[in-house]
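Got the viewer open? Let's walk through this one together, one selection at a time.

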Amino acid sequence: MREANVFPTYRGEMEYVCLGCQARYPIDELHYTCPSCKGVFLLEDTRFPELEKTPGSAWRDIFDLRAATKNPALRGIFRFYELMAPVVAEEHIVYLGEGNTPVTRSSTALERLVGQSMAFKNDGQNPSASFKDRGMACAYSYLRHLVAKHGWDNVLTICASTGDTSAAAALYAAYVGEPLTSVVLLPQGKVTAQQLSQPLGSGAKVLEIPGVFDDCMKVVEYLADHYRVALLNSKNAWRILGQESYAFEVAQWYDWDLRGKVIFVPIGNAGNITAIMSGFLKLLRLGIIETLPRIIGVQSEHADPVFRYYDQDPGHRRFEAVKVRPSVAQAAMIGNPVSFPRVAFLAEQYQKLGGAGSFAVVQVSEQRIIESMLLANRHGHIACTQGGECLAGLFKAKELGLMEEGELAVLDATAHALKFAGFQDMYFHDGFGPEFEITPDRKLANVPRLVIDQQDKERLSEDAFTVQAAQNVVGILGLDKK
Ligand SMILES: *Cc1c(COP(=O)(O)O)cnc(C)c1O
Ligand SMILES: [Zn+2]
């Protein structure tokens, strides 16, 4: 077992590759987008063919052995070090407990209701309660590597966020400390109270802008163009790398056999779905898996530019940003996803290797999203609204005839349910404005019921109050005496 703790000796040679003009740049500078064409980057390890010399079965053994490691540097997303950012030294890896999140098979009752085998992977069980920690662990580890290399004495990290990116960025910055400091830009009133409390609690500077995420993003990009800041939005290719670990973990959980698995992912800025596709493609290239799982992206009717793109005739597709409308899947409420070029690039490769049916995007209603979240959580899950969006996507995929009997749907619960408790509350209390297009079903409402009132508390003795309260409970529940 000791071998599992030994840090890998392999070192890659990584480069930024621009998806717009194919230009390549060294990684020893902070690049966010291509300096010549503004395109988005993917990171490539030019020594990857070296890794292909090791058989897939040997890789499976290495990763399985490391699953038991006590070395914190290998315990999280860097368990897959060679496929992650194999330029970072052991002492620069930041580990806060991210990754290795549980895959929970749904109960028989829920599967019967849905009519499909299904499981949630609970990425809300990450340190800041969303999958964004995967990307931040990678981005901050790389930043520490760069800081050490250049001897920088001050680096400002900045991001625009629908809530969870800022929570994750602020957490990792707070842990790493000097010389990193963290600034986050949020759309005023468009993140939940829980999400806002996170960067505030971590001590980040929190700046608000009236508008939606897309407005914040423009400000952040302006800053990145003109000032020296480290941008941590999902255009940052290091974050995409870290998020690939989701795919690696799914594969490992199913013993590297992904036949008959369909992965559902909500799409906002489209960073996560590209990371997951890229991750599975890497595993296939190394022979670690033999079959690509199918991937189905899900978007709300209120923020659906990627769906609209794939809904057009192949060959005549044109990408157009949309103006978003209020959505309970607020963390994915993005009209102009920055990673769209990555989706187009990777989906094409994915379909080439996995067949035409291996990638699809479906669109779901707000009503379906929130009710799917409630349904999941009433069956023992802890899904956020975006997790609900995945289940809504599964219902939609079934209606469209996209699911085969016997397939297992793996749904991404991208954040913890508690972050979105406010939307549940709005549903239970009929608090949605007409712009949400959600009509709560009274039968699904669950509200606390007061058993005995304050006046009785004041009037009765302590013992009499207890007996009276208990009697009232008996009445409500209709309990039989033993
Ligand atoms: C960021 C986020 C998303 C959207 O992911 P993208 O990578 O932007 O597509 C979905 N759900 C939650 C909870 C998020 O925080
Ligand atoms: Zn370029």
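## Start at a tryptophan

Select Trp238 and show what surrounds it. Setting aside its neighbours within four places in sequence, Trp238 is in contact with Met14, Tyr16, Ile27, Leu43, Ala85, Val87, Gly135, Cys138, Ala139 and Tyr142. Keep in mind that you're looking at a predicted model.

Now widen the view to the nonpolar core. The largest one has 91 residues, and Trp238 is listed with Tyr140 and Phe280 as having the most contacts inside it. Colour helix α6 (residues 132–150) next: this helix gives the core its largest share, nine residues. Then look for a second, separate core of 38 residues; Met118, Ala397, Phe428 and Phe432 are among its members.

Time for the empty space. How many cavities of 30 Å³ or more does the structure hold? There are two, and the largest has a volume of about 280 Å³. To find that largest cavity, select Phe131, Lys132, Gly268, Asn269 and Ala331, which are the closest to its centre of the 26 residues lining it. Add α7 (164–176), α10 (237–243) and α12 (271–285), since each supplies at least two residues of that lining.

Finally, zoom out. Select residues 96–407, which an unreviewed UniProt entry annotates as "domain: Tryptophan synthase beta chain-like PALP". That stretch is 45% helix and 16% strand, with its end C-alpha atoms 34 Å apart. For another way to colour the chain, use the division into domain 1 (103–127 + 240–441) and domain 2 (448–482); the centres of domain 1 and domain 2, taken over C-alpha atoms, are 46 Å apart.

Technical notes: Residues numbered from 1 in each chain as written. Chains lettered and ligands numbered in written order. Predicted model: local features only at pLDDT ≥ 70, side-chain atom pairs only at ≥ 80, totals over all residues. Heavy atoms only, no water. UniProt positions renumbered as here; feature names shortened; annotations may be inferred. Helix = DSSP H or I, 4+ residues; strand = E, 2+ residues; numbered from the N terminus. Domains from an automatic or database assignment. Core = buried A, V, L, I, M, F, W, Y, C linked by side-chain atoms within 4.5 Å. Buried < 20%, exposed > 50% of the residue type's maximum accessible area, 1.4 Å probe, protein only. Contact = heavy atoms within 4.5 Å. 1 Å grid on protein atoms, 1.4 Å probe; cavity = no way out; pocket = protein on both sides within 12 Å on 5 of 7 lines; lining within 4 Å. Points joined across faces, edges and corners; volume = space filled by probe spheres on them.
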